[in-house]
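Me: Hi! I am new to reading protein structures, and I would like to go through this one with you step by step. Could you take my questions one at a time?

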Amino acid sequence: MVLHFRPLNAVTQIVLICVIVISFLLFSLYTFYPNIVSFMDVITESSVVIENSVRICVVKTDDPYVETKIINDCDLPAGTEAEIFYNPGDPYAYLLHP
């Protein structure tokens, strides 16, 4: 049994190629640069460092999704108050001012 497919017209080919290219670009941006493709609000708050272990700090936040956040490259001792920002639901936070 041989299947015969008729060729797609030019408009359908262009639309299909555009959808594939845009999907690839969005997937690449989200995979390699997740902070660029961020549709969530950025929350800034003052928080206290709970724990510091090998330049990784843990802070407690008011985020209802993930209460404790991780801060990489942090050399603040436990108990230090710091100004941080984060996206809701993201396990990572970033330092604004120690």
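Me: How many bridges join strand 1 to strand 4?
Reply: Happy to start there, and keep in mind that this is a predicted model. Strand 1 and strand 4 run antiparallel. Ile 43 takes part, with Tyr 86 of strand 4 as its bridge partner. The number of bridges joining strand 1 to strand 4 is six.

Me: What is the order of the strands in the open sheet?
Reply: The sheet has five strands, and their pairing is antiparallel. Strand 3 (68–72) and strand 5 are the edge strands, as each pairs on one side only. On average, neighbouring strands of this sheet are turned by 50° against each other, direction ignored. Read across the sheet, the order is 3-2-1-4-5.

Me: Which residue in strand 2 does Val 49 stand opposite?
Reply: Look at strand 1 (residues 43–53) and strand 2 (residues 56–60), which pair in the antiparallel sense. Four bridges hold this pairing. Across from Val 49, in strand 2, you will find Val 59.

Me: Val 54 is in the loop between strand 1 and strand 2; is Val 54 buried or exposed?
Reply: Val 54 has a positive phi of about 50°, although it is not a glycine. For the surface, the relative accessible area is what we need, and for Val 54 it is 75%. Exposed means over 50%, so with 75% Val 54 is exposed.

Me: And Arg 55, how does its relative accessibility class it?
Reply: Arg 55 is also placed in the loop between strand 1 and strand 2. Its phi is positive too, at about 60°, and Arg 55 is not a glycine. Its relative accessibility is 44%. Since that value lies between the cut-offs of 20% and 50%, Arg 55 counts as partly exposed.

Me: Which residues make up the covered face of strand 4?
Reply: Strand 4 has two faces, one covered and one uncovered. Glu 81, Glu 83 and Phe 85 are on the uncovered face. The covered face is made of Ala 82, Ile 84 and Tyr 86.

Me: What is the bridge partner of Glu 83 in strand 5?
Reply: Strand 4 (residues 81–86) pairs with strand 5 (residues 93–97) in the antiparallel sense, over four bridges. Ile 84 has Leu 95 as its bridge partner in strand 5. For Glu 83, the partner in strand 5 is His 97.

Me: Which residue takes a positive phi in the hairpin of strand 4 and strand 5?
Reply: This hairpin has six residues between the strands. The phi in question is near 90°. The residue that takes it is Gly 89.

Me: Let's move to helix 1. Which backbone oxygen does the side chain of Ser 28 reach?
Reply: Ser 28 is found in helix 1. Its relative accessibility is 17%, and because buried means under 20%, Ser 28 counts as buried. At 2.9 Å, its side chain reaches the backbone oxygen of Phe 24.

Me: About how much accessible area does the nonpolar patch on the surface have?
Reply: The patch is formed by Ile 22, Leu 26, Leu 29, Phe 32 and Tyr 33. Leu 29, one of these residues, is found in helix 1 (residues 10–32). With a relative accessible area of 33%, Leu 29 is partly exposed. Together, the residues of the patch have an accessible area of about 540 Å².

Note on methods. Residues numbered from 1 in each chain as written. Predicted model: local features only at pLDDT ≥ 70, side-chain atom pairs only at ≥ 80, totals over all residues. Heavy atoms only, no water. Patch = residues over 30% accessible without salt bridge, like charges linked within 9 Å, V, L, I, M, F, W, Y side chains within 5 Å. Areas by Shrake-Rupley, 256 points an atom, 1.4 Å probe, with all protein chains shown as cover. Salt bridge = Lys/Arg side-chain N within 4 Å of Asp/Glu carboxyl O. Buried < 20%, exposed > 50% of the residue type's maximum accessible area, 1.4 Å probe, protein only. Pairing = 2+ DSSP bridges. Polar contact = N/O pair within 3.5 Å; in protein donor to acceptor, adjacent residues only side chain to side chain. Axes fitted to C-alpha atoms, helices over the stretch in contact; angles between N-to-C directions.
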